Amino acid sequence: VLYEDRTGKLWLAYWEGGLDQFDPLTGDVVRYRPNPKDVHSLSGDYVLWVHEDEAGKLWCVMDGGGVDIFDRETGYFIHYGYDPDDVESLSDNAIISFYEDTDEGLIWLGTGGGGINFYSQAWGKFPNYRIHASVSAPAASTPVASTPVASASAVSDMAGNNVVFAISASMQGGDTPSPAKWLWFGTRAGLNFWNRETDEFVFYGHNPENVQSLSHGTVWAVHEEQNGTLWVATSSGLDKVVYYNDAVPGNVPLRFTHVLTSGVTDIYQDYAGILWLAYYDVGLARLDPATEALALYTHDPGNQDSLIDNHVRVILGSHTGDLWIGTEEGLDRFSWDTQMFTHYRHDPEDPQSLGSNEILSLYEEQVGVLWIGTNGWGLDRLDLKTGTFTHYREGHGTVSYTHLTLPTKRIV
């Protein structure tokens with residue numbers, strides 16, 4: 001993981017290597033590793049990703065080991081994990097999604113089986129919500145109010161609802177809109193809506209007998225526009241839902257329109273309102289939300305200016321208006337003006353080429369630098385003026401960077 005904090009320093013989280021702080025101006029590196037004799041050291045070597053909150057604290061999510069919060073003023077790490085004897089500890093040590101509500105000073109954590117946790121610096125505790133929803137609804141497009149599940153089979157069917165892949169704040173919210181009043185959660189079981197005013201969860205799942213239900217039970221990403229249009233990326237494609245500004249989603253049926261019918265793993269909306277989709281195995285998709293006009297960009301072996309590979313993993317909007325596309329076979333830069341792709345591939349004969357063709361994550365700085373997280377070959381820095389790559393790798397083996405994030409309020 002690579003993360004730039006508000007001071008411009010880079011934090012590099014390693015798989016089996018702890019955490020490093022890198023100063024791009026001086027080249028200085030400060031290493032943080034676990035020390036069994038120091039209770040204020042990093043709790044483990046396996047750091048999945050990092051995030052700086054509004055108060056300046058650094059959150060370090062450990063692989064199956066809860067979360068460490070680093071206070072740079074004291075230099076101390078404080079560890080939080082699951083404690084079966086403490087109902088206000090983390091409900092699960094596997095953290096897979098993150099959302100910061102800066103208006104209320106709350107951190108929301110989606111877990112790999114323990115539902116949702118929230119944290120306030122004033123409390124130092126993690127009250128949690130397990131997402132319970134009835135599975136006996138006649139149609140999945142009909143909202144199902146949160147009620148305890150009634151049987152062992154129901155528990156088994158809905159177990160995936162506590163595996164939270166995506167957390168997204170609704171842009172609506174009634175008379176006094178607030179980014180945290182209504183929340184959407186994408187899980188392994190389906191889509192959930194949480195009205196925090198009434199403290200009610202509503203579940204929307206896939207029903208094979210209802211063509212207007214969610215297209216698949218696994219939801220990877222959720223994006224809501226200001227006009228109330230909801231886009232849901234599932235393992236079976238892209239779903240669209242429209243509800244009106246004066247309607248509370250949990251109080252009305254949601255009818256899902258299946259816009260695309262193959263797995264979508266990432267959604268990016270550009271400055272013009274166009275949706276760009278990681279249409280896995282198909283390529284890059286451009287969708288106009290107003291008309292639903294769809295344009296596909298795919299790899300053509302006979303056209304060197306086409307998409308480099310159809311296995312698109314990640315999309316990033318550039319400060320120039322171009323798009324960066326990370327695939328399994330290299331990196332592309334797409335120019336909207338020319339409609340052409342510029343390719344960056346690994347060349348074993350060129351040490352200044354891309355370090356690996358398997359791209360997992362991207363982050364662009366405004367100073368003309370692109371950072372690339374690769375699968376197994378560490379971190380690459382692309383100088384956009386020269387087109388050359390500088391490689392940063394773990395000194396004792398290879399390392400993958402799977403999340404590169406901006407120091408702003410965002411959903412992981």
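The mean pLDDT of the protein is 78, and 80% of its residues reach 70 or more. The model is a predicted one. Two stretches fall in the low range of this score. Over residues 131-156 pLDDT stays under 50, and the model has 54 contacts for this stretch beyond four places in sequence. Over residues 174-179 pLDDT likewise stays under 50, with 10 contacts beyond four places in sequence. Where pLDDT is low, the predicted coordinates should not be read in detail.

The secondary structure of the protein consists of one helix and 34 strands. Of its 412 residues, 51% count as buried. Among contacts between residues at least 6 apart in sequence, 46% join residues at least 24 apart.

Strands β15, β16 and β17 are described next. Strand β15 comprises residues 182-187 and pairs with β16 in the antiparallel sense over five bridges. Within this pairing, Leu-183 has Trp-194 of β16 as its bridge partner. The connection from β15 to β16 is a hairpin of two residues. On β16 there is also an antiparallel pairing with strand β17 (residues 200-205), made over six bridges. Here the bridge partner of Leu-191 is Tyr-204 in β17. The hairpin of β16 and β17 has four residues between the strands, and in this hairpin Asp-199 takes a positive phi near 60°. Strand β16 itself spans residues 190-195; six of its six residues are buried, so this strand is largely enclosed by the rest of the structure.

Leu-191 and Tyr-204, which are bridge partners, also belong to the largest nonpolar core. This core has 15 residues, of which Trp-184, Leu-191, Tyr-204, Leu-230, Val-232, Leu-254 and Phe-256 touch the most other members. At least two residues of the core are supplied by each of β15, β16, β17, β18 (219-224) and β19 (229-234). In soluble globular proteins, nonpolar side chains tend to be buried together.

Further along the chain, Asp-266 is placed in strand β22, which covers residues 264-269. A polar atom of the Asp-266 side chain lies 3.2 Å from the backbone nitrogen of Ile-315. Ile-315 is also among the residues in contact with Asp-266 when neighbours within four places in sequence are left aside; the others are Trp-276, Leu-277, Ala-278, Arg-313 and Val-314. Of these contact residues, Arg-313, Val-314 and Ile-315 fall within the range of strand β26 (312-317).

Strand β26 takes part in an open sheet of four strands, with the order β26-β27-β28-β29 and antiparallel pairing. The edge strands are β26 and β29 (340-344), each of which pairs on one side only. On average, neighbouring strands of this sheet are turned by 25° against each other, direction ignored. Strand β28 (residues 330-335) and β29 are joined in the antiparallel sense over five bridges, and Arg-333 stands opposite Thr-342 in β29.

Another open sheet is formed by four strands in the order β30-β31-β32-β33, and its pairing is antiparallel. Its edge strands, β30 (359-365) and β33 (388-392), each pair on one side only. Neighbouring strands of this sheet are turned by 20° against each other on average, direction ignored. Strand β32, made up of residues 379-383, runs antiparallel to β33 and is joined to β33 by five bridges. One of the paired positions is Asp-383, whose bridge partner in β33 is Thr-388.

The loop between β32 and β33 contains Leu-384. This residue is partly exposed, with a relative accessible area of 24%; the value is not under 20%, so Leu-384 does not count as buried. Apart from residues up to four places away in sequence, Leu-384 touches Trp-324, Arg-333, Glu-364, Gly-368, Val-369 and Leu-370. For Val-369, which is 15 residues from Leu-384 along the chain, the C-alpha separation is 5.8 Å. Arg-333, another residue that Leu-384 touches, is the residue that stands opposite Thr-342 in β29. Glu-364, also touched by Leu-384, falls within the range of edge strand β30 (359-365).

Definitions and conventions: Residues are numbered from 1 along each chain as its sequence is written. Side-chain values use heavy atoms; hydrogens and water are left out. Two strands pair if DSSP finds at least two bridges between them. Axes are lines fitted to C-alpha atoms, for helices over the stretch in contact, and angles run from 0 to 180 degrees between N-to-C directions. Buried means under 20% relative accessible area, exposed over 50%, partly exposed in between (1.4 Å probe, protein chains only). A nonpolar core is a set of buried Ala, Val, Leu, Ile, Met, Phe, Trp, Tyr and Cys residues joined through side-chain atoms within 4.5 Å. A polar contact is a pair of N or O atoms within 3.5 Å; within protein, one must be able to donate a hydrogen and the other to accept it, and residues adjacent in sequence count only if both atoms are side-chain atoms. Contact means heavy atoms within 4.5 Å. pLDDT is the predictor's confidence in each residue, from 0 to 100.
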